[in-house]
Amino acid sequence: MRTQVAIIGAGPSGLLLGQLLSQAGIANVIIERQRADYVLGRIRAGVLEQTSADLLREAGVGDRMEREGIPHAGFELLFDNARHRIDMQGLTGGKQVIVYGQTEVTRDLMEAREASGAQTLYEASEVVIANFDSAQPTVSCTSGGRRHEIHCDFIAGCDGFHGVCRASIPRNAIHEYEKVYPFGWLGLLADVPPVADELVYANTARGFALCSMRSRTRSRYYLQVAIDDRVENWSDEAFWYELRARLDPDARERLVTGPSLEKSIAPLRSYVAEPLRFGRLFLAGDAAHIVPPTGAKGLNLAATDVKYLAAALIEHYDEHSDTGIDTYSERCLRRVWKAERFSWWFTSLMHNFPDGGDFGRKLQGAELDYLVNSEAASRSLAENYVGLPL
Ligand code: APR
Ligand code: PHB
């Protein structure tokens, strides 16, 4: 089989790239290890920066997001038993974010791909990428009971943190930066109305909590838990009890509980692999970098990588210029490191660190007080939360 761009991974990065390339008339094949419904079953964050929302609209998959996504003009910080609103819109000259789950983004992209007729090989095993340091890269895999060999011009590594692409780059050609946090997030999804109209990020002596939502009738809540905690240790009742204990009196009163639809624990990690290009192989999204979920930058970073990568490939084919390809890694990394800094900072501010001590907690208290009482500090937080300009 021959194509122009072979895309490894049908998460949001791979699907969005495929859609932008198909729109531009560039042939592409997606190779995905899992089944489509498995990909859709993964629950991830759901806050879209304006740039990401614009890109989805540009890709022709913005209609349902427009109808069902919820624009948010602010969010709340909870500490010392009180909530303080950060007026994102007022502090950033009118910018907002859209709350719309990654699962829904993925579903919209899968439907668009199906309609476009572009090929996706699901349940692909033994995926091997080769010759990407030459002009004739290849991808081979087993799918539908037979071995495929795909000849292409470029390979896009959109296969997430545990994928095959980054692992196929010679070790001496890549530099990894990593920070692992000493706690995890226990998430619970339930068909209950959200406790507040906007997201609530809580710093409490019992640990961090986040009140988020998927719609006006579906909530997503998180609790900071010990790194070695297991989901089996948490009945729904235990979760709701602990969440209630981390809320302010008003929210506690308003909290509606119900049976969980999903419950899982995720570790928190900061990670960057540099550079994002090796010959004719490009890394995008979680294959290249991970942020801790505080601030929900993961999907947004993936979207900007893909925006730059699609533009670079279109420039290569339409204008016979490789400027975009040559500057892809550097362009992405400037943005990636700013989001890494913000996600690390917001995580450090909001969580209870096992080794942080009293001094650490006092410093967090002082910074939170400063944040909500200084317009300059609030504006900096708001500017990063809505997304820095491209
Ligand atoms: N071969 C083919 N596909 C693979 C392989 C492989 N060897 N390894 C992994 N994959 C697939 C996974 O099954 C998954 O569907 O690649 C896909 C990667 O998707 P994601 O992990 O969702 O990564 P990405 O598309 O970059 O999305 C980034 O996801 O984790 C969040 O915070 C992150 O929101 C951000 C988004
Ligand atoms: C979520 O809704 O899952 C979510 C929202 C905001 C975050 C992280 C996760 O910062």
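## Close-up views of the predicted model

**H320 is an exposed residue, with a relative accessible area of 70%.** In this predicted model, H320 is placed in the loop between α9 and α10, the latter spanning residues 323–350. Its phi is positive, at about 50°, although H320 is not a glycine. Most residues other than glycine have a negative phi. H320 counts as exposed because its relative accessible area, 70%, is over the 50% cut-off.

**E126 has a positive phi within strand β9.** The strand that holds E126 covers residues 125–130, and the phi of E126 is near 45°, a positive value in a residue that is not glycine. Is E126 buried or exposed? With a relative accessibility of 56%, E126 counts as exposed, since the cut-off for that class is over 50%.

**A cis peptide bond joins E274 to P275.** The omega of the bond from E274 to P275 is near -5°, whereas most peptide bonds are trans. P275 itself is found in the loop between β17, which covers residues 260–274, and β18, which covers residues 277–278.

**Polar atoms of E32, R33 and Q102 lie at short listed distances from ligand 1.** In the side chain of E32, an N or O atom is 2.6 Å from an oxygen atom of ligand 1. A nitrogen atom of ligand 1 is 3.1 Å from a polar atom of R33, and in this case the protein atom belongs to the backbone. For Q102, a polar side-chain atom and an oxygen atom of ligand 1 are 2.5 Å apart. The ligand taken alone exposes 720 Å², of which the protein buries 91%.

**Two helices, α1 and α9, each give two or more residues to the shell around ligand 1.** Helix α1 runs over residues 12–23 and helix α9 over residues 298–319. Which element gives the most to this shell? It is α9, with three residues, and the loop that follows α9, leading to α10, is where H320 is placed.

**The shell around ligand 1 mixes nonpolar, polar and charged residues.** There are 24 residues around ligand 1, and those that come nearest are S13, E32, R42, Q102 and D286. By class, the shell divides into nine nonpolar, nine polar and six charged residues. Among the nearest residues, E32 and Q102 also appear in the polar pairs described above, E32 with a distance of 2.6 Å and Q102 with a distance of 2.5 Å.

Conventions:
Residues are numbered from 1 along each chain as its sequence is written. Chains are lettered from A and ligands numbered from 1 in the order in which they are written. This is a predicted model: local features need pLDDT of at least 70, side-chain atom pairs count only at pLDDT 80 or more; totals for chains, interfaces and linings use all residues. Side-chain values use heavy atoms; hydrogens and water are left out. A residue is near a molecule or strand if one of its heavy atoms lies within 4 Å of it. A polar contact is a pair of N or O atoms within 3.5 Å; within protein, one must be able to donate a hydrogen and the other to accept it, and residues adjacent in sequence count only if both atoms are side-chain atoms. Accessible areas come from the Shrake-Rupley method with a 1.4 Å probe; for residues, only the protein chains shown count as cover. Helices (H or I, at least four residues) and strands (E, at least two) are DSSP runs, numbered from the N terminus. Ala, Val, Leu, Ile, Met, Phe, Trp, Tyr, Cys and Pro count as nonpolar, Asp, Glu, Lys and Arg as charged, and the others, Gly among them, as polar. Buried means under 20% relative accessible area, exposed over 50%, partly exposed in between (1.4 Å probe, protein chains only).
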